[in-house]
2 protein chains.
Amino acid sequence: MGFQVTIVGSSGAVPAFGRHPSCQFVQVQNRCLLLDCGEAAQMQLNAYQLPLHKINHIFISHLHGDHYLGLMGLLFTMHLQKRTAELHLYSPRGLDEIIVQQLKHSNSALHFNIDYTAFRTDTPQCLLDDEAITVTTIPLRHKLPTAGFLISEKTKPLRIDKNQLMPGMKLQHIAQLKQGSDVVDEGKTLYRAADFTLPPRPSYTYAYCSDTAFAEEVVAQVQGADLLYHEATFRETDREKAGETLHSTAQQAAEVAKRAHVKKLIIGHFSARYRELDGLLAEAKDIFPETLLATEGRTFDLDAHDS
Amino acid sequence: MGFQVTIVGSSGAVPAFGRHPSCQFVQVQNRCLLLDCGEAAQMQLNAYQLPLHKINHIFISHLHGDHYLGLMGLLFTMHLQKRTAELHLYSPRGLDEIIVQQLKHSNSALHFNIDYTAFRTDTPQCLLDDEAITVTTIPLRHKLPTAGFLISEKTKPLRIDKNQLMPGMKLQHIAQLKQGSDVVDEGKTLYRAADFTLPPRPSYTYAYCSDTAFAEEVVAQVQGADLLYHEATFRETDREKAGETLHSTAQQAAEVAKRAHVKKLIIGHFSARYRELDGLLAEAKDIFPETLLATEGRTFDLDAHDS
């Protein structure tokens with residue numbers, strides 16, 4: 001179980017001050033997802049002892065180099081480590097051409113299959129929908145077709161209240177109760193699910209907004225998220241630069257968080273012009289106090305307070 | 001002046017134990033060259049405070065990912081840092097297609113020109129020949145078309161012997177003497193170049209052999225080099241693996257150094273199977289005592305003992 005986001009890279013387009021380009025490792029109920037894959041992602045995954053062989057889904061927000069240039073190296077390493085499990089890859093269209101061309105020039109065929117989905121970026125699109133989570137695109141406003149990703153847990157199962165269990169109850173009946181079904185055993189005793197179960201643990205939502213100008217439609221789509229990552233490339237003094245490059249200031253990121261009533265905000269994608277990040281953090285906190293910095297190696301637990 | 005080789009990356013195909021893929025930064029008489037450009041090269045150049053903006057020539061030995069995947073990131077960073085100086089790029093053919101395709105997908109046009117040379121790998125080819133150095137390919141035996149690079153300093157200028165200079169000698173005459181020409185001044189005095197100059201400082205040769213099986217023709221071409229870098233991916237216990245993958249063992253690298261009568265050997269391109277490198281070093285030193293490890297961040301001075 002669990003829902004954790006680890007920052008692998010926090011830098012803007014030009015890496016600086018030991019920061020690396022965008023990449024996040026998300027563990028959600030035993031699934032491992034990668035959000036963007038900037039250069040050196042594989043080395044940083046190693047450095048933080050994150051299990052790169054367990055990654056089964058990689059989501060690339062757009063085709064600026066700082067968001068995908070670590071992908072080929074990661075694929076080659078998976079290949080050389082004899083991966084055979086299928087890998088699911090999602091991006092705006094074009095990434096398949098980039099991969100195929102580089103495989104051709106290195107005269108390589110991967111040991112594993114890549115199931116590639118090219119997504120549109122003009123409207124939200126569900127990319128993944130399994131028994132526990134969904135992942136949906138968040139169309140963003142940037143120079144290239146770009147989308148963020150909304151990762152939502154579905155309603156979780158009821159939990160058996162162990163204090164209520166009685167000696168002699170059969171495992172198959174307990175399983176039925178956990179599904180929410182009442183049970184009558186051979187002795188005609190009625191067990192009501194409501195008496196033997198506790199409500200499900202809460203379900204959480206994480207919204208990842210990689211590169212974007214401030215956008216009302218993003219506010220709408222990330223409404224009520226438990227955790228929002230929003231890029232904050234610039235400080236207020238560089239707001240004009242943010243406008244030109246279709247990036248956000250820390251204040252704008254905080255404005256999105258505030259209007260969307262999210263619980264917590266992480267800011268990242270820091271410009272190489274800032275050695276110290278305290279100024280960015282302070283500007284965001286002025287507007288949205290529950291703001292945190294995307295510090296590399298830091299893990300954010302969405303269900304940290306669940307029993 | 002000076003001739004220095006700094007190890008930026010020392011790892012084989014799979015980066016491990018904090019080691020990074022192949023990359024070396026060579027400073028030779030105010031020229032800055034890059035030999036291979038594995039993933040994360042730009043971050044490691046930053047980490048070692050090597051001036052990436054001064055690089056004017058990049059030589060890529062072959063198109064396996066661990067030798068070029070840092071290139072696009074480096075180019076984008078040069079672009080974002082407003083580089084305008086032309087960049088000279090050399091590789092076996094195909095790299096231009098990889099670059100052009102990725103620029104297309106990121107909708108970018110670089111601020112600077114790339115002068116690209118695709119070289120053959122079946123015979124030595126001179127890639128660079130200016131007033132001070134030559135760079136020639138060293139055809140290697142590997143799974144893809146691959147070449148190393150031989151960087152040779154030309155004969156350096158005579159040096160003026162300041163102890164011999166006399167009061168009243170004209171600067172233009174001193175310059176002529178430095179060129180090796182005798183001079184007659186207006187007073188009809190003959191100054192012989194031989195009396196006023198010292199011999200040139202020594203010229204050095206560095207041979208870089210990236211990925212290769214043991215090859216006699218390499219021995220011939222790197223004969224007498226002052227410094228040889230030769231890959232040593234495997235230990236003797238993995239000699240069979242070296243044969244299959246067309247890589248070398250540390251002993252084979254040392255054998256090349258010994259037969260070629262080079263002065264010093266650096267071994268690198270270490271397999272991810274070895275956490276500790278002492279074993280590789282010991283096996284090479286058994287055959288060629290003047291062997292050193294390609295430790296990342298370490299700089300090798302070819303002219304360290306010149307006055």
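Two strands pair if DSSP finds at least two bridges between them. With that in hand, here are legends for several close-ups of this predicted model.

**Figure 1. A hairpin in chain B, built from strands E7 and E8.** Strand E7 (residues 126-129) and strand E8 (residues 133-139) of chain B run antiparallel and are joined by 3 bridges. To find one of the rungs, start at B:Leu128, whose bridge partner in E8(B) is B:Val135. Between the two strands of the hairpin sit 3 residues.

**Figure 2. An open sheet of 7 strands in chain A.** Reading across the sheet, the order is E6-E5-E4-E3-E2-E1-E18, and the pairing is mixed. Strand E6 (114-118) and E18 of chain A are the edge strands, each pairing on one side only. From one strand to the next, the twist averages 20°. As background for this view, strands of a sheet pair through backbone hydrogen bonds, either parallel or antiparallel. Zoom in on strand E1 (residues 3-9) and strand E2 (residues 23-28) of chain A for an antiparallel example, with 6 bridges between them. Here A:Gly9 has A:Cys23 as its bridge partner in E2(A).

**Figure 3. A:Thr299, a residue of strand E18 in chain A.** Strand E18 covers residues 299-301. Is A:Thr299 buried or exposed? The residue falls in between: A:Thr299 is partly exposed, because 13 other C-beta atoms lie within 10 Å, whereas a buried residue needs 20 or more and an exposed one has 12 or fewer. Once neighbours within four places in sequence are left aside, A:Thr299 is in contact with A:Gln4, A:Val5 and A:Thr6. The view also takes in A:Phe25, which is 274 residues away along the chain, yet the C-alpha atoms of A:Thr299 and A:Phe25 are separated by 9.1 Å.

**Figure 4. Helix H9 of chain B, a mostly covered helix.** H9(B) spans residues 250-259, and 7 of its 10 residues are buried. Which residues of H9(B) are buried? They are B:Ala250, B:Gln251, B:Gln252, B:Ala253, B:Ala254, B:Val256 and B:Ala257. Their packing partners in chain B include two helices, H7 (216-221) and H10 (278-287). Strands E15 (227-231), E16 (264-268) and E17 (291-293) of chain B also pack against these buried residues. Past the helix comes B:His261, a handy spot to check in a backbone torsion plot, since its phi is positive, near 55°.

**Figure 5. Where chain A meets chain B.** In this view, 30 residues of chain A are in contact with 30 residues of chain B. On the chain A side, helix H1 (41-47), helix H3 (71-80) and helix H4 (95-105) each supply at least two residues. By class, that side of chain A has 12 nonpolar, 15 polar and 3 charged residues.

**Figure 6. Chain A and its two domains.** Domain 1 of chain A takes in residues 3-156 + 200-301, and domain 2 takes in 161-197. Taken over C-alpha atoms, the centres of the two domains are separated by 43 Å. The chain has 10 helices and 18 strands, and its C-alpha atoms fill a box of roughly 75 × 55 × 35 Å along the principal axes. Of the 307 residues of chain A, 45% count as buried. Among the chain A contacts with a separation of 6 or more, 64% come from residues 24 or more positions apart.

Definitions and conventions:
Residues are numbered from 1 along each chain as its sequence is written. Chains are lettered from A and ligands numbered from 1 in the order in which they are written. This is a predicted model: local features need pLDDT of at least 70, side-chain atom pairs count only at pLDDT 80 or more; totals for chains, interfaces and linings use all residues. Helices (H or I, at least four residues) and strands (E, at least two) are DSSP runs, numbered from the N terminus. Two residues are in contact if their C-beta atoms, placed from the backbone, lie within 7 Å. Ala, Val, Leu, Ile, Met, Phe, Trp, Tyr, Cys and Pro count as nonpolar, Asp, Glu, Lys and Arg as charged, and the others, Gly among them, as polar. Axes are lines fitted to C-alpha atoms, for helices over the stretch in contact, and angles run from 0 to 180 degrees between N-to-C directions. Domain bounds come from an automatic or database domain assignment.
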